[in-house]
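Here is a set of short exercises, each with a worked solution. Keep the viewer open and try each task before you read on.

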Amino acid sequence: MSNKEDKINFVSNKSFELAVKKAKRKQIARNFLIGIISSVIILCAVYAGSSYILKKRLEDDYLDIMFSQVKGANIGWTSAVNSYGFLNARTHITIEKTLGDRNIIWNSLEREVTLTSKKDISMDTSKNTQYSETLKRQVSYNKYNGEREIQFYYPQGRNLPQELNLLEKFDENTLVEMALSFDHSYSLEDLEGILGSDNVNWLWVNTNPNQGYNSKTDANKFLSGDAAIGFSIDSSGFNEAGQLFLDNLIYLSKEDDYKKAIKEILLSLNENSNPNTSDIQVLGAVVTGTPQQLARFKDLDIIRASTLGATIDIY
């Protein structure tokens, strides 16, 4: 009987109750701490994984930047600024045009990237196109800054614009952009001998040999500068720039997003889709500079048409 009472007294002992409560508190604290640490580890893992995926998806913008180097006359994606959230990111891309030794912003793009999608949210690619009674033709203006959009014309056209004649209307401290369209296609070597490289910014490549031209309906048909295929020219020369153009095409042809469009361009240059610089035929060029610098192009017989683009003050 006394042993049973001792057991009852031991269980009901206050020190025992305190020990049990303390042990429970420790267990709860331990479980809470383990839960916090586990949650932090999981969140860090999710953040690291999502950041990696977002960065990879943003790196894909490099392909768009590369494509901007082969499509769009005298324009290019020049910079991108990224900001990251937990499960999304935004990138702000600046699109610029070069006139002489100056760059002007031609457009901008805000892009939102999530783990599963990519969406452009603020780029306006539309143009303000209207018929000019003075020029007797359709003229397009950039909606971002109001500047003129250049246009190219195919050799078969009639009553083509000759806007090199407008150079005399500009002050000598103005930088002018002009799109020149030729009487037929020229090789890079021949064209560099005719034009020289001074003031030549960009070359329009003939990627549509048959041109799908109908003399009855397409007499004044033009190609917008932003739709033209070609490449920029730097101090290295036409052939070197042409090789870089081909290298970009080959690289893009292996990427799913551009494979089909690039394959068509490569086939238009060479039916075996393995072109070299001798296969590049040029139908036009973009030249920029002061009116005095561009005046020499007036005397070139190969120019069938010329259209004015952007103009800015030199200073």
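**Exercise 1.** In which kind of contact do the side chains of K97 and E177 meet?

*Solution.* Step one: before looking at the pair, note that this is a predicted model, where local features need pLDDT of at least 70, side-chain atom pairs count only at pLDDT 80 or more, and totals for chains, interfaces and linings use all residues. Residues are numbered from 1 along each chain as its sequence is written, and side-chain values use heavy atoms, with hydrogens and water left out.

Step two: look at the two side chains. K97 and E177 meet in a salt bridge, at 2.9 Å from N to O. A salt bridge here is a side-chain nitrogen of Lys or Arg within 4 Å of a carboxyl oxygen of Asp or Glu.

Step three: place the partners. K97 sits in strand 2 (residues 88-99) and E177 in strand 8 (residues 174-187), so the pair links distant parts of the chain, 80 residues apart. Helices (H or I, at least four residues) and strands (E, at least two) are DSSP runs, numbered from the N terminus.

Step four: check the cover. K97 is buried, with a relative accessible area of 2%, and E177 is buried too, at 0%. Buried means under 20% relative accessible area, exposed over 50%, and partly exposed in between (1.4 Å probe, protein chains only).**Exercise 2.** Find the residues that salt bridges with shared partners join into one network.

*Solution.* Step one: take stock of the total. The structure holds 4 salt bridges.

Step two: start from R137. Its side chain meets that of E163 in a salt bridge, 2.6 Å from N to O. R137 lies in strand 6 (residues 137-142) and E163 in the loop between strand 7 (151-153) and strand 8, so this pair ties together parts that are 26 residues apart in sequence. Both R137 and E163 are buried.

Step three: turn to R148. The side chains of R148 and E163 also meet in a salt bridge, again 2.6 Å from N to O. R148 belongs to the loop between strand 6 and strand 7, and E163 to the loop between strand 7 and strand 8, 15 residues apart. R148 is buried, as is E163.

Step four: put the two pairs together. Shared partners join R137, R148 and E163 into one network. As background, side chains of opposite charge can pair when their charged atoms come close.

**Exercise 3.** Which residues gather in a patch of positive charge on the surface, and which form a nonpolar patch there?

*Solution.* Step one: get the rules straight. Patches are made of residues with over 30% relative accessible area and no salt bridge; like charges are joined within 9 Å, and nonpolar side chains (Val, Leu, Ile, Met, Phe, Trp, Tyr) within 5 Å. Lys and Arg count as positive and Asp and Glu as negative, while His and the chain ends are not counted. The place of a charge is NZ of Lys, CZ of Arg, CG of Asp or CD of Glu.

Step two: pick out the charges. K21, K22, K24, R25, K26 and R30 make up the positive patch. K21 lies in helix 2 (residues 14-59) and is partly exposed, with a relative accessible area of 48%.

Step three: pick out the nonpolar side chains. F32, I36 and V40 form that patch, with about 290 Å² of accessible area together. Accessible areas come from the Shrake-Rupley method with a 1.4 Å probe, and for residues only the protein chains shown count as cover. F32 lies in helix 2, and it counts as exposed at 57% relative accessibility.

**Exercise 4.** Look at N74 and N199 and work out the sign of phi in each.

*Solution.* Step one: N74 has a positive phi of about 60°, although it is not a glycine. You'll find N74 in the loop between helix 3 (61-68) and strand 1 (75-84), and at 8% relative accessibility it counts as buried.

Step two: for N199, phi is near 70°, again a positive value in a residue other than glycine. N199 is in the loop between helix 4 (188-195) and strand 9 (200-205).

**Exercise 5.** How many Å separate the C-alpha atoms of T98 and N201, and of M178 and L294?

*Solution.* Step one: T98 is found in strand 2 and is partly exposed, at 28% relative accessible area. The C-alpha atoms of T98 and N201 are separated by 7.8 Å, with their positions 103 residues apart along the chain.

Step two: M178 is in strand 8 and is buried, with a relative accessible area of 0%. M178 and L294 are 116 residues apart in sequence and 8.6 Å apart in space, C-alpha to C-alpha.

**Exercise 6.** Where in the protein chain is confidence lowest, and where is it highest?

*Solution.* Step one: recall the scale. pLDDT is the predictor's confidence in each residue, from 0 to 100.

Step two: take the chain as a whole. Its mean pLDDT is 83, and 80% of its residues reach 70 or more.

Step three: compare the elements. Confidence is lowest in helix 1 (residues 2-11), at a mean of 54, and highest in strand 12 (residues 281-289), at 97.
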